[in-house]
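Morning, everyone. I have one structure to walk through today. Have a look at it first, then I'll talk.

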Amino acid sequence: MSRWSCGSTGNFWKRAPRLIRTPAKMVNRVAVYDGDKFKKVAQYDSPENYVALYGLMQKAIRASEKEDPEAAAKDILEQNGISTTITAQCLGNVKLITGNAVAVHEPVTGVDGLFWITADSHTVRRGIYQTKVTLDFRNLMDGQAAGSLPKE
């Protein structure tokens, strides 16, 4: 996997990156039901108390002997929290494509770290090649904390 810079040390932003936080696909409670009697046997809430902030967004799962329901519920809560994405546009770079990672350093907005590129578009307008990328905080490479750069 390659890393490409986009920011004050690499390409210059056409516009400042736009940070979007949305609870659209959030699950903040997982209810576990018995597979035979459809009786609720456990309930797990997100640790950030999102139920009080955003209202109840629940997913129901069936308990299974093959899989630990607590681990499955915690995985669902972790994967379905608030979605945070960054959309940025900079001078064109053919290496900035979906699936690659990009090291971002943008001191004005505070965006700084290593992110997966989840969407990209490349355009040429009036002879200027531009790249627009969507970066995801949840899909960070090397298991880094959101917005952190790996230690080299």
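Start with Ile117. Leaving out residues up to four places away in sequence, Ile117 touches Leu96, Ile97, Thr98, Gly99, Asn100, Val102, Val133, Thr134 and Leu135. Keep in mind that this is a predicted model.

Where does Ile117 belong? Ile117 is part of the largest nonpolar core, which has ten residues. The other members are Ile86, Ala88, Cys90, Leu96, Val102, Val104, Phe115, Val133 and Leu135. Look back at the contact list: Leu96, Val102, Val133 and Leu135 are on it, and those four are in the core too.

Which elements build this core? Strands β6 (83–91), β7 (101–106), β8 and β9 each give two or more residues. The biggest share comes from β6, with three residues. There is also a second, separate core. That one has nine residues, among them Val30, Ala73, Ile76 and Leu77.

Now go to Asp136. Asp136 sits in strand β9. Buried or exposed? Asp136 counts as buried, because its relative accessibility is 12% and the cut-off for buried is under 20%. Its contacts, again leaving out residues up to four places away in sequence, are Thr84, Thr85, Phe115, Trp116 and Thr118. Phe115 on that list is also a member of the largest core.

Compare Arg126. Arg126 is in the loop between β8 (111–125) and β9 (128–136). Its relative accessibility is 87%, so Arg126 counts as exposed. Check the backbone there as well. Phi of Arg126 is near 50°, a positive value in a residue other than glycine.

Let me step back to the whole chain. The protein has two helices and nine strands. From the N terminus, the order is β-β-β-β-α-β-α-β-β-β-β. There are 152 residues, and 34% of them are buried. The accessible surface comes to about 9500 Å². Carbon and sulfur atoms account for 50% of that surface. What about contacts across the sequence? Take the contacts between residues at least 6 apart: 65% of them join residues at least 24 apart.

Next, the sheet with β3 in it. Three strands make an open sheet, in the order β4-β3-β5, with mixed pairing. Why do β4 (40–45) and β5 (58–62) count as edges? Each has a single partner strand, so one side of each is left without a neighbour in the sheet. From one strand to the next, the twist averages 20°. A reminder on the chemistry: strands of a sheet pair through backbone hydrogen bonds, either parallel or antiparallel.

Zoom in on β3 and β4. Strand β3 covers residues 29–33, and five bridges join β3 to β4. The two run antiparallel. Two positions to find on screen. Tyr33 has Lys40 in β4 as its bridge partner. Val32 stands opposite Ala42 in β4.

These two strands form a hairpin, with six residues between them. In the turn, Phe38 has a positive phi of about 55°. Lys39 is in this loop as well, between β3 and β4. Lys39 is exposed, with a relative accessible area of 57%. Not counting residues up to four places away in sequence, Lys39 touches Val32, Tyr33 and Asp34. How far is Lys39 from Arg62? Their C-alpha atoms are separated by 9.6 Å, and the two are 23 residues apart along the chain.

Last, confidence. The mean pLDDT of the protein is 77. Of its residues, 77% reach 70 or more. Which elements mark the two ends of the scale? Strand β3 has the highest mean pLDDT among the elements, at 90. Strand β1 (residues 3–7) has the lowest, at 49.

The low values go on along that stretch. Over residues 1–5, pLDDT stays under 50. The model has 17 contacts there beyond four places in sequence. Residues 7–12 are also below 50, and that stretch has 14 contacts in the model beyond near neighbours in sequence.

To recap. Ile117 is in the ten-residue core. Asp136 is buried in β9, while Arg126 is exposed in the loop before β9. The hairpin of β3 and β4 has six residues between its strands. Questions, please.

Key
Residues numbered from 1 in each chain as written. Predicted model: local features only at pLDDT ≥ 70, side-chain atom pairs only at ≥ 80, totals over all residues. Heavy atoms only, no water. Helix = DSSP H or I, 4+ residues; strand = E, 2+ residues; numbered from the N terminus. Buried < 20%, exposed > 50% of the residue type's maximum accessible area, 1.4 Å probe, protein only. Contact = heavy atoms within 4.5 Å. Areas by Shrake-Rupley, 256 points an atom, 1.4 Å probe, with all protein chains shown as cover. Pairing = 2+ DSSP bridges. Axes fitted to C-alpha atoms, helices over the stretch in contact; angles between N-to-C directions. pLDDT = per-residue confidence, 0-100. Core = buried A, V, L, I, M, F, W, Y, C linked by side-chain atoms within 4.5 Å.
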